[in-house]
Amino acid sequence: MSLWYIIVVFVFFASIFIAKNTRKTKKNLPPGPPRLPIIGNLHQLGSKPHRSMFKLSEKYGPLVYLKLGKVPSVVASTPETVKDVLKTFDKDCCSRAFLTYPARISYNLKDLAFAPYSKYWKAVRKMTVVELYTAKRVKSFRNIREEEVASFVEFIKHSASLEEIVNLNQTLVKLSGSVICRVGFGINLEGSKLENTYEEVIHGTMEVLGSFAASDYFPVIGGIIDRITGLHNKCEKVFKGTDSFFDHCIKHHLEDGGSKDDIVDLLLKVERGEIGLGEFQFTRNHTKGILLDILLAGVDTSGHTITWVMTHLIKNPRVMKKAQAEVREVIKNKDNITEEDIEGLEYLKMVVKETLRINPLVPLLTPREASKDVKIGGYNIPKKTWIHVNIWAIHRNPNVWKDPEAFIPERFMDNQIDYKGLNFELLPFGSGRRICPGIGMGMALIHLTLINLLYRFDWKLPEGMEVEDVDLEESYGLVCPKKVPLELIPVLTQWT
Ligand code: HEM
């Protein structure tokens, strides 16, 4: 009797399992791990989803199917599948998934980065690419970058003369913050009333946007969970902070007589209709939405990328020596270092590329959503599926990169692979319609700062610390900076 009971139970569950898998096979969805009721595969993401998804792709293949709470999702992890998403089917895959808190903070998706693919997104993207993210504008902000880097160098010089430790995570984010605040909002942070507000605003916003939001995965109940965990209130507080920060910047700009040629000025011109935006009436909230992109996308990305470069250099004395020798040979005793000097610095360019490969600041692109049924890598991807593009997995794939965990800038010597979105082996700025429009602005600051840091100073670790003690762990959020701050002592040289 009990044997019959066991057989019946076994047949019952086996038939459910087979039926489920047959359904999946019939639908021709990509393979993926088994899931739990309600939460699906959420428990498998861990604290560093880019790493967990990479592991899953090693087991299940280049396109993995996951159910994240209620949300059907796929993860693309190889140059081939990512090319399908970002190039072949870019038009059908470039919308954004709706994310509750980014939507709130961006004035209900009036920005560029979180807005869905729509007529509005197309109009704003076109306007910003033509008016804002141009090579001419990057050039026009050159004096600001040079002045800010010069005062940063003075600060490092002072620390070097006292043999003081410098926290590079902190100071480099402050440097890129100062540049972005002048370029974007026309304000000098140093010593201003906004200096502390700004830090609070940016950290708070990054924290909210980097947090796990239950509302995105569980309708109704998710909102309740977020209220219990405090995320909802935190978001409201952060939103008020950013909103009054932008109000302050705009007021400051208007009081100044609007004489500055900054990004606020440009956006106010769009508000007044002096620059057209097709059928759209640009309001103050639209201006603030675009300013939010500048604040979020512009500050942490450049600052933390420079910290990663310095981390790899201090961990690899051979590379540091070679990069410094090149910089000192090319710059010689030039009084005035400029960002164009990067042109003669082939090895430094490779060091930066290798850093962007091994520590892309955005290892997992903000999720996209299929706007219609598409076929990727031979599998059917139904409309509304979220699409995750795992840049980290491509950059660490041993079939793409030999010895992928090692920091070897020379790997770029014999190939033309670049980071501008055309080579699907290296995508730190994404690719296709959504590619980062701020590459020029970001790289100009990264290059100018690095040339100065390497030309003028030698660098050593604090007393008692060895190269092996410098860890490479990243923290996970909207961007992935080095988790433990990089602390180094600058040393004065004959070039200081
Ligand atoms: C090292 C520096 C930077 C890195 C690594 C970086 C990386 C990225 C990445 C990966 C994306 C997403 C692309 C996609 O989803 O396909 C992105 C989008 C974006 N970035 Fe950057 N970025 C950097 C600097 C900047 C700067 C300096 C700005 C502006 C001042 C900027 C503005 C934006 C904007 C507005 C978007 C959204 C584009 C859209 O959705 O249409 N970025 N960036």
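Buried means under 20% relative accessible area, exposed over 50%, and partly exposed in between, with a 1.4 Å probe and protein chains only. This is a predicted model, where local features need pLDDT of at least 70 and side-chain atom pairs count only at pLDDT 80 or more, while totals for chains, interfaces and linings use all residues. Residues are numbered from 1 along each chain as its sequence is written, and side-chain values use heavy atoms, with hydrogens and water left out.

**Stop 1: the hairpin**

Select residues 63-68. This is strand S1 (strands are DSSP E runs of at least two residues, helices H or I runs of at least four, numbered from the N terminus). Five of the six residues of S1 are buried. Now add residues 71-76, strand S2. S1 and S2 run antiparallel, joined by six bridges. Two strands pair if DSSP finds at least two bridges between them. Pick Leu63 and look across to S2: Ala76 stands opposite. Then go to the turn. Two residues separate the strands of this hairpin. One residue in the turn, Gly69, has a positive phi of about 60°.

**Stop 2: the five-stranded sheet**

Widen the selection to the whole sheet. The sheet is open, and its five strands follow the order S1-S2-S8-S5-S3, with mixed pairing. S1 and S3 (95-96) are the edge strands, each pairing on one side only. Strands of a sheet pair through backbone hydrogen bonds, either parallel or antiparallel. Select S3 with S5 (residues 368-369): two bridges join them, and they run antiparallel. Centre on Arg96. Its bridge partner in S5 is Arg368.

**Stop 3: the ligand**

Stay on those two arginines and show the ligand. Arg96 and Arg368 are among the closest residues to the ligand, along with Arg125, Arg434 and Cys436. In total, 24 residues surround the ligand (a residue is near a molecule or strand if one of its heavy atoms lies within 4 Å of it).

Next, measure some polar contacts, meaning pairs of N or O atoms within 3.5 Å; within protein, one must be able to donate a hydrogen and the other to accept it, and residues adjacent in sequence count only if both atoms are side-chain atoms. A polar side-chain atom of Arg368 lies 2.6 Å from a ligand oxygen atom. For Trp121, a polar side-chain atom is 3.3 Å from an oxygen atom of the ligand. Colour the elements that give two or more residues to the shell: helices H6 (119-131), H14 (284-315) and H18. H14 gives the largest share, five residues. Leu112 uses its backbone: an N or O atom there lies 3.5 Å from a ligand oxygen atom.

**Stop 4: the iron**

Zoom in on the iron atom of the ligand. Which protein donor does the iron atom have? The only one is Cys436, through SG, at 2.3 Å. Donors are N, O and S atoms within 2.8 Å of the metal (3.2 Å for Na, K and Ca); water is not among the atoms, so sites may look incomplete. Trace the backbone: Cys436 lies in the loop between helices H17 (391-395) and H18 (439-456).

**Stop 5: the three-stranded sheet**

Move to strand S9, residues 457-460. Are Phe457 and Trp459 on the covered or the uncovered face of S9? They form the covered face, whereas Asp458 and Lys460 form the uncovered one. In a regular strand the side chains alternate between the two faces of the sheet.

Add S10 (residues 487-492) and S4. The three strands form an open antiparallel sheet in the order S4-S10-S9. S9 and S10 pair over four bridges. Lys460 stands opposite Ile489 in S10. On the other pairing, two bridges join S4 to S10. Finish at Asn167, whose bridge partner in S10 is Glu487.
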